[in-house]
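User: I have a model open and would like to talk through how it is put together. Could you take me through it, please?
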Amino acid sequence: MITVKNLRKTYKIAKPQEGRFATLKSLVRPRYEERRAVDGIDFTINDGEMVGYIGQNGAGKSTTIKMLSGILVPTAGEVSVNGLTPHKDRREHLRGIGVVFGQKTSLWWDVPVIDSLNILKEMYRVDDARFRKNLEMFTDLLDLGPFLEQPVRQLSLGQRVRADLAAALMHDPKTLFLDEPTIGVDVIAKERLREFITEINRERGVTVLLTTHDVVDMEKMVKRVIVINAGQILYDGSMLGLRERYGGEDADIEDIVREIYREGGKTA
Amino acid sequence: MREVKAGLKMYGSLLKMTMRGILQYRADFWMSLVSVSLLNGANIVQLSVISWRFHALGSWQVGDLLVLYGLFMISWSIFSVFFYRLSKIEDEIVSGSFDVYLLRPVSPFLQLVGGDIKYTGLCDTLLGVVLIPTGLSMTGTHWGLWQIFWFVIFVLSGGAIAVCIKFLISCVTFWTTKASALSQVFIQIYLLTQKYPVTIFGPAFRVLVTGLVPVAYLNFYPAVYLLGKPDAPPWVCMLAPVIAMVLAGIAALVWRRGLRRYNSSGA
């Protein structure tokens, strides 16, 4: 279970100064501007749920994911994932989650995929039998076979994301955070990723929180969405409810999302 | 104890991955080795020129100066071979690759250190190993077991001090995201202490490199002790391991605070 209460993250950004000696001033006494990336959000995600987390660029999605996975320490508020506080019980927490950033790989760039999986096995202390079983299953479902022996830098984006997904799941995490897993991936590869993620959620009961800009991802994969804008939650509920609230049953989901973002832009 | 063992094992596995990555680029591997060997050859030629043109500095004979330089090279190479990555935290933070270390249930420090090995730094070690006996034979100094014992202590402490200073400077990035200015100042300082006995610079500098940025413990104090120079009392020289431990403590503290300050980057 994931619980987030009044969660905030503020970044301090050095403010450019004006007038004479501006550069000198900013060196001697820098002035900072606060930017609230995440500005007091609350939500609860139950075990086995799959939730879409959407919002414009810079809305605070990645910052939230980074706090949930323990990379960032929150400025204020509470986070709890599987009963643990990510930035405090770091190692134990990390054993229970898997994280994939679509834009970045967490694999070793210059060595074959299988070597990365092997060292992750050691890091997460996965026993041989479980490792073999998972490797077999993911090789089959994600069709890793053709490129297991290739260095990551030679993989296509679609292959790389598949390898990253497998790597994030080798230790059987209870919770999976996916930050734009389908970004830049072609239609067919996207379809395969969606099927895989859905299956992992359904068959293994893995809780999934995923961010995406792809409306098809939302329609095909999730029943519940959380919409964030300027660090605050605009909507948290079912996809169906989202439709009803913003345009009716037959409304195009892309229009709805555009509508929400525009509205959010006004209030923010 | 068990944790230390597990840590070392993990470090070994990480190094193996790193080496495998390096060997993917075989041509580059060999070219670096060749070019560094050439560079070191040039260094030795330069030093023979120095020792031929150089005159004694106060009570320091040319042979003493070679020992001074050699000690620096060996201690420094501990940093440059095994811990080089620690001075590159800035790059990791700016590129966002630091995030990945925080996603795996292994100490980020270990992942950082295990992520690189600069085999080319071994040439520095070699240079030191050649220079020290040469210098000793030039001055006719003989080391007994006691001196050899302290030589080892000094090299290990000096290595630790070099690592800690570089690491601490690098940790400043957690607060400023850039640390290159500080790094430059430090380079200017150690370029002086590397070749010259600290005593020729006057008391202010001596305080700086003893207490504030203790680079003098990489080679000056060890050389004073091992060569029996009058430049400093023996007990001050023998503080080397203590200073290394204090610095390591400070570095661990700053690192921990830095991790809490870490702000990631990008999307």
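Analyst: Gladly, and let us begin with a single loop residue. This is a predicted model, and in it D172(A) is partly exposed, with 15 other C-beta atoms within 10 Å. D172(A) sits in the loop between helix 6 (157-169) and strand 6 (175-179) of chain A, and D172(A) has a positive phi of about 50 degrees although it is not a glycine.

User: Why does a positive phi deserve a remark?
Analyst: Because most residues other than glycine have a negative phi. N82(A) is another case, a residue other than glycine with a positive phi near 50 degrees, and N82(A) belongs to the loop between strand 4 and helix 3 (90-95) of chain A.

User: Is N82(A) buried, exposed or partly exposed?
Analyst: N82(A) counts as partly exposed, because 18 other C-beta atoms lie within 10 Å, where 20 or more would make a residue buried and 12 or fewer would make it exposed.

User: OK, zooming out: how many helices and strands does chain A have?
Analyst: Chain A contains 10 helices and nine strands. Its C-alpha trace spans about 65 × 55 × 35 Å along the principal axes, and buried residues account for 39% of the 268 residues in the chain.

User: What is the radius of gyration of chain A?
Analyst: Chain A has a radius of gyration of 20 Å, which agrees with the value near 18 Å that a compact globule of 268 residues would have. As for contacts in chain A between residues at least 6 apart in sequence, 71% of them join residues at least 24 apart.

User: Which strands form the open sheet, and in what order?
Analyst: That sheet in chain A consists of three strands in the order 2-1-4, with antiparallel pairing. Its edge strands are strand 2 (31-45) and strand 4 (76-81) of chain A, each of which pairs on one side only. On average, neighbouring strands of this sheet are turned by 30 degrees against each other, direction ignored.

User: How many bridges hold strand 1 to strand 4 of chain A?
Analyst: Strand 1 (residues 2-15) and strand 4 of chain A pair over five bridges in the antiparallel sense, and within strand 4 of chain A the residue that stands opposite K5(A) is E78(A).

User: And which helix lies across those strands?
Analyst: Helix 2 (residues 61-69) of chain A lies across strand 1, strand 2 and strand 4 of chain A, and it runs at about 120 degrees to strand 1 of chain A.

User: Switching to strand 8 of chain A: how many of its residues are buried?
Analyst: Five of the six residues in strand 8 (residues 224-229) of chain A are buried, so that strand is mostly covered. Strand 8 of chain A runs parallel to strand 3 (residues 50-54) of chain A, joined to it by four bridges, and Y53(A) has I226(A) as its bridge partner.

User: What about strand 9 of chain A?
Analyst: Strand 9 (residues 232-238) of chain A runs antiparallel to strand 8 of chain A, with six bridges between them, and R224(A) stands opposite S238(A). These two strands form a hairpin with two residues between the strands, where A230(A) takes a positive phi near 45 degrees.

User: Which residues have the most contacts inside the largest nonpolar core?
Analyst: They are A166(A), A167(A), F177(A), V208(A) and L209(A), in a core of 68 residues. Helix 6 of chain A contributes the largest share of this core, seven residues. Leaving aside residues up to four places away in sequence, F177(A) touches I65(A), L68(A), S69(A), I97(A), V99(A) and L209(A). Another core, of 58 residues, lies apart from the one around F177(A) and has Y69(B), V113(B), Y221(B) and V224(B) among its members.

User: Then how many residues of chain B are in contact with chain A?
Analyst: There are 17 residues of chain B in contact with 24 residues of chain A. On the chain B side, helix 1 (2-23) and helix 5 (98-101) each supply at least two residues, and the largest share, four residues, comes from helix 1 of chain B. By character, that side of chain B divides into seven nonpolar, six polar and four charged residues.

User: What covers the buried residues of helix 4 of chain A?
Analyst: The cover includes helix 5 (128-142) and helix 6 of chain A, together with helix 1 of chain B. Among the buried residues of helix 4 (residues 113-123) of chain A are V113(A), L117(A) and L120(A), and helix 4 of chain A is followed by R125(A), which has a positive phi near 50 degrees.

Notes. Residues are numbered from 1 along each chain as its sequence is written. Chains are lettered from A and ligands numbered from 1 in the order in which they are written. This is a predicted model: local features need pLDDT of at least 70, side-chain atom pairs count only at pLDDT 80 or more; totals for chains, interfaces and linings use all residues. The radius of gyration is taken over C-alpha atoms; the globule rule is 2.2 Å times the number of residues to the power 0.38. Two residues are in contact if their C-beta atoms, placed from the backbone, lie within 7 Å. Two strands pair if DSSP finds at least two bridges between them. Axes are lines fitted to C-alpha atoms, for helices over the stretch in contact, and angles run from 0 to 180 degrees between N-to-C directions. Ala, Val, Leu, Ile, Met, Phe, Trp, Tyr, Cys and Pro count as nonpolar, Asp, Glu, Lys and Arg as charged, and the others, Gly among them, as polar. A nonpolar core is a set of buried Ala, Val, Leu, Ile, Met, Phe, Trp, Tyr and Cys residues joined through C-beta atoms within 7 Å.
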